[in-house]
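Student: I would like to learn how to read a few features of a protein model. Could you walk me through them?

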Amino acid sequence: MTEMLNSLAETLIKGKMNDMAGLTQQALDSGLSAEDVLQKGLLAGMDVVGKRFKSGEMFIPEVLRSAKTMHKAMEVLRPALAAAEVKTAGKFMIATVEGDLHDIGKNLVAMMFEGAGFEVVNLGIDQKAQAIVDAVKTHQPDVLGLSALLTTTMPKMEETINALKEAGIRDGMRIMVGGAPVTEDFAKKIGADGYAPNAATAVDRAKEYLQ
Ligand code: B1M
C-alpha cells in the first residue's frame with residue numbers, strides 16, 4: 001500500500017499527466033480509501049511540489065504540469081470522495097478583478113488550493129465588484145482570493161473589498177490578494193486580511209486562517 005501511495009506522489013511531482021488517472025483508479029481498486037489516496041498520496045506529493053516551488057527547485061511550468069496532473073487524479077477521485085463525504089479543508093473562491101484578463105497565476109493558485117483539499121470556486125477573469133459580491137452571497141467562501149496583474153487594475157481590489165463591506169458581508173470571510181504588482185503593504189492599505197506572493201504561500205496562509 002505504501003508503495004502505491006509513494007507512486008501516486010511521485011507521479012504527481014513528476015507531472016506524468018497521462019499516467020495519473022489510471023494510477024488513481026488502480027489505487028482505489030487496490031482497496032485504498034479515497035481519503036488515503038488524497039491525503040497520503042496526492043496531497044503528500046503536492047506538499048513536496050509546494051516546498052520545491054518555494055525553494056526554487058521547481059519552476060512555474062513544472063508546477064503547472066503537476067497541478068494539471070492533480071486535476072487528472074481529482075477527476076477520478078471526486079466521485080469517490082463525494083461518496084465517502086471526506087471533509088474539505090474549507091471553501092476557497094478566487095477571481096481576477098475587473099479589467100484584468102490574466103489568469104495563469106490565478107488558475108495556478110486555484111489548482112494548488114484544490115490540490116490542498118479545498119473546495120474551489122473559480123470565478124474567472126475580469127470580475128466586477130458586484131459580480132464578486134453576488135458570488136460570495138451564493139457560495140459563502142471561507143477565504144476569498146483576488147488576483148491582479150496590472151497596476152491599473154489593482155484599485156479594483158479595494159473597490160471589491162469596499163463593495164463587500166457595503167453589502168455587509170466583508171467580515172464573513174478572510175480576503176487574500178495576490179499577483180505580481182501586489183504587495184503586503186498594499187494589502188494592508190486596502191483592508192485585505194493578507195497577501196500571498198505565490199500559490200504555495202496562499203495555501204499555507206489560508207490553512208493558518210482556518211486553524
Ligand atoms: Co500581460 N502584462 N498584458 N498579458 N503579461 C504583464 C503582467 C506585464 C508585467 C508585462 C510587462 O510589461 N513586463 C504588464 C503589466 C505592467 C503593469 O501593469 N505594471 C502586462 C501588460 C501591460 C499587459 C497588457 C496591457 C498588454 C497590452 O495589451 N498592451 C495586456 C492587458 C490585458 C488585460 O488584462 N486587460 C496584457 C495581456 C497579456 C496576455 C493576454 C497576452 C497574457 C495573459 C494570458 C493569460 O493570463 N491567459 C499576458 C501575460 C502572459 C503576461 C506576463 C508575460 C506573464 C503573466 C503570467 O502569467 N505569469 C506578464 C509579465 C510577467 O509577469 N513576467 C504580463 C505567470 C504566473 C504564474 O505568475 O500571474 O504573477 P503570476 O501569479 C503568481 C503570483 O503573482 C501569485 O501566485 C501566482 C503563482 O505563483 N498570485 C496570487 C497571482 N494571483 C494571486 C492571487 C492570490 C494569491 C497569489 O490570491 C490569494
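Tutor: Happily; we will take helix packing, a metal site and some backbone angles in turn. Keep in mind that this is a predicted model.

Student: Let's start with packing. At what angle do the axes of helix 2 and helix 3 cross?

Tutor: Look at how close the axes come and at the angle between them. Helix 2 (residues 17-29) and helix 3 (residues 34-55) have axes that come within 9 Å and cross at roughly 125 degrees. That angle makes helix 2 oblique to helix 3, since angles from 65 to 115 degrees would count as roughly perpendicular and those over 145 as roughly antiparallel. The crossing of helix 2 past helix 3 is right-handed.

Student: Which residues make the contact?

Tutor: Helix 2 contributes Met-20, Thr-24, Ala-27 and Leu-28, while helix 3 brings Ala-34, Val-37 and Leu-42. By type, this contact of helix 2 with helix 3 has six nonpolar residues, one polar and no charged.

Student: And how do helix 6 and helix 7 cross?

Tutor: Apply the same reading. The axes of helix 6 and helix 7 (residues 155-166) come within 9 Å, with a crossing angle of roughly 45 degrees. This pair is therefore oblique too, as an angle has to be under 35 degrees to count as roughly parallel. Helix 6 passes helix 7 in a right-handed crossing. Here Ala-129, Ile-132, Val-133 and Val-136 of helix 6 meet Glu-159, Thr-160, Ala-163 and Leu-164 of helix 7. The residues of that contact divide into six nonpolar, one polar and one charged.

Student: Now the metal. What is the protein donor of the cobalt atom of the ligand?

Tutor: For a metal, look for the protein atoms that serve as donors. In this model the only protein donor of the ligand's cobalt atom is NE2 of His-102, at 2.2 Å. His-102 sits in the loop between strand 1 (91-97) and helix 5 (104-115).

Student: Last, backbone angles. Which sign of phi should I expect?

Tutor: Most residues other than glycine have a negative phi. Asp-126 is not a glycine, yet its phi is positive, at about 55 degrees. Asp-126 belongs to strand 2 (residues 119-127). Gln-140 also has a positive phi, near 45 degrees, and is found in the loop between helix 6 (129-139) and strand 3 (143-147).

Student: Is Gln-140 buried or exposed?

Tutor: Gln-140 counts as exposed because its relative accessibility is 60%, and the cut-off is over 50%. Asp-126, with a relative accessible area of 37%, is partly exposed.

Key. Residues are numbered from 1 along each chain as its sequence is written. This is a predicted model: local features need pLDDT of at least 70, side-chain atom pairs count only at pLDDT 80 or more; totals for chains, interfaces and linings use all residues. Side-chain values use heavy atoms; hydrogens and water are left out. Axes are lines fitted to C-alpha atoms, for helices over the stretch in contact, and angles run from 0 to 180 degrees between N-to-C directions. Helices (H or I, at least four residues) and strands (E, at least two) are DSSP runs, numbered from the N terminus. A crossing is left-handed if the near helix is turned anticlockwise from the far one by less than a right angle, and right-handed if clockwise. Contact means heavy atoms within 4.5 Å. Ala, Val, Leu, Ile, Met, Phe, Trp, Tyr, Cys and Pro count as nonpolar, Asp, Glu, Lys and Arg as charged, and the others, Gly among them, as polar. Donors are N, O and S atoms within 2.8 Å of the metal (3.2 Å for Na, K and Ca); water is not among the atoms, so sites may look incomplete. Buried means under 20% relative accessible area, exposed over 50%, partly exposed in between (1.4 Å probe, protein chains only).
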